[in-house]
Amino acid sequence: MGKIAFLFPGQGSQTVGMGQALADSEQSVSETFKKADEVLGESLSSLIFEGPQEKLTLTTNAQPALLTTSIAILNYFSQFGIKPDFTAGHSLGEYSALVASGAISFEDAVYAVRKRGEFMEEAVPNGEGTMAAVLGMDRQKLLDVTETVSAGGSPVQLANLNSPGQIVISGSKSGVEEAAVKAKEAGAKRVIPLDVSGPFHSALMKPAAERFETVLDKITIKDAAVPVIGNVTAEPITEAAEFKKRLVEQLYSPVLWEDSVSKMLELGVDTFIEIGPGKVLSGLVKKVDRSAKTFAIYDAETCAAVVAALKEEKE
């Protein structure tokens, strides 16, 4: 049997009611939601379980909500004794990966991502920045497009390199719109505008990154027991000082997800377990390597299926 990686989803995976069935039946899960409520001094769990979806989707709420749900599900899954050789998370999901790897406590992570969400919301006035997914276009060609548009005075850059043929661009509204037109002219199959509140993972997030550094100064970051494949470098990280540096850079740098998956495959990972709501990352892994084994855990049923499948494989 090869190595195992735990993957954690990022913003966009949130849904009202996520984690609720598990929280109702498992004390370790409901305790995690209660702990988040205590840290934030408000009932985040009510928002997660009851909505409304529009309020849950706000960046300041979605970030702690997704982290809490992912870690609650992880706490349930961890009782079955399956340990990862690596962890990784997409953007916000990197914080869940850091908790899973022992680098940050859950309480510190919830506090940090709430602040991260606030600063990201406030960095660019609403409507001035946006993002779009570009499908069916080569990375280098799209990079050439964004560099040309940015040189003309409308900043736009590659933000999420998700899988072959799926790249998200981010920047000023005019920059993203112009790059979308040019990308189609250069052969992109489709360009889909994303319903986001800001130009995440672009240089326009630098003011948020500067403010966020002071938050990271207040929390304890330790060396990780399990290597985390970082978004910014797509390399394994275990040292506390590097985590801090990369978490600041991550706000305005591209998420190298395709490269991260390739790196894990190179390091011998053949089983990817996505922990948290949805199956987005499992789908992206399959686009990088169809032969990789992927599982998604979001409730007791999916957890039992994964535990049974991995036991069978060991035997």
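Q: Buried means under 20% relative accessible area, and exposed means over 50%. In this predicted model, is Gln-14 buried or exposed?
A: Gln-14 sits in the loop between β1 (3-8) and α1 (20-25). Apart from residues up to four places away in sequence, Gln-14 touches Gln-53, Leu-56, Thr-57, Ala-62 and Leu-66. Its relative accessible area is 7%, and the limit for a buried residue is 20%, so Gln-14 is buried.

Q: Which backbone nitrogen does the side chain of Gln-14 reach?
A: The partner of the Gln-14 side chain is a backbone atom, found at 2.7 Å. That nitrogen belongs to Gly-12.

Q: Where does UniProt place the feature "active site"?
A: The annotation comes from an unreviewed UniProt entry. The residues it marks are both included in the lining of the largest pocket. They are Ser-91 and His-201.

Q: Why can these residues, which span 111 residues in sequence, be said to gather at one spot?
A: Ser-91 lies in the loop between β2 (86-89) and α6, while His-201 lies in the loop between β6 (190-193) and α10 (206-218). Although the marked residues span 111 residues in sequence, they gather at one spot because no two of their C-alpha atoms are further apart than 8.7 Å.

Q: At what distance does the side chain of His-201 make a polar contact with the side chain of Ser-91?
A: Beyond its neighbours within four places in sequence, Ser-91 is in contact with Arg-116, His-201, Asn-231, Gln-250 and Val-255. By the same count, the contacts of His-201 include Ser-91, Arg-116, Gln-157 and Tyr-252. The side chains of His-201 and Ser-91 make a polar contact at 2.6 Å.

Q: What is the relative accessibility of His-201?
A: Ser-91 is buried, with a relative accessible area of 11%. His-201 also counts as buried, for which the value must be under 20%. The relative accessibility of His-201 is 3%.

Q: What value does phi of Ala-234 take?
A: Most residues other than glycine have a negative phi. Ser-91 has a positive phi, near 55°. Ala-234 lies in the loop between β7 (228-229) and β8 (236-237) and is buried, with a relative accessible area of 5%. Its phi is also positive, with a value near 60°.

Q: Is the peptide bond from Gly-51 to Pro-52 cis or trans?
A: Most peptide bonds are trans. Pro-52 is placed in the loop between α3 (44-50) and α4 (53-57). The bond that joins Gly-51 to Pro-52 has omega near 5°, and it is cis.

Q: What is the volume of the largest cavity?
A: Rolling a probe the size of a water molecule over the atoms shows where empty space is left. The structure holds one cavity of 30 Å³ or more. The volume of the largest cavity is about 50 Å³.

Q: Which element gives the most to the lining of the largest cavity?
A: The lining of the largest cavity consists of Glu-94, Leu-98, Val-228, Gly-230, Ile-237, Phe-243, Arg-246 and Leu-247. These residues divide into five nonpolar, one polar and two charged. Two elements, α6 (93-100) and α11 (240-250), each supply at least two residues. With three residues, the element that gives the most is α11.

Conventions:
Residues are numbered from 1 along each chain as its sequence is written. This is a predicted model: local features need pLDDT of at least 70, side-chain atom pairs count only at pLDDT 80 or more; totals for chains, interfaces and linings use all residues. Side-chain values use heavy atoms; hydrogens and water are left out. On a 1 Å grid over the protein atoms alone, a cavity is a set of points where a 1.4 Å probe fits but cannot get out, and a pocket is an open set with protein on both sides within 12 Å along at least five of seven lines; lining residues have an atom within 4 Å of a point. Grid points are joined across faces, edges and corners, and a volume is the space filled by probe spheres set on the points. Helices (H or I, at least four residues) and strands (E, at least two) are DSSP runs, numbered from the N terminus. Ala, Val, Leu, Ile, Met, Phe, Trp, Tyr, Cys and Pro count as nonpolar, Asp, Glu, Lys and Arg as charged, and the others, Gly among them, as polar. UniProt positions are given in the numbering used here, feature names are shortened, and annotations may be inferred rather than shown by experiment. Buried means under 20% relative accessible area, exposed over 50%, partly exposed in between (1.4 Å probe, protein chains only). Contact means heavy atoms within 4.5 Å. A polar contact is a pair of N or O atoms within 3.5 Å; within protein, one must be able to donate a hydrogen and the other to accept it, and residues adjacent in sequence count only if both atoms are side-chain atoms.
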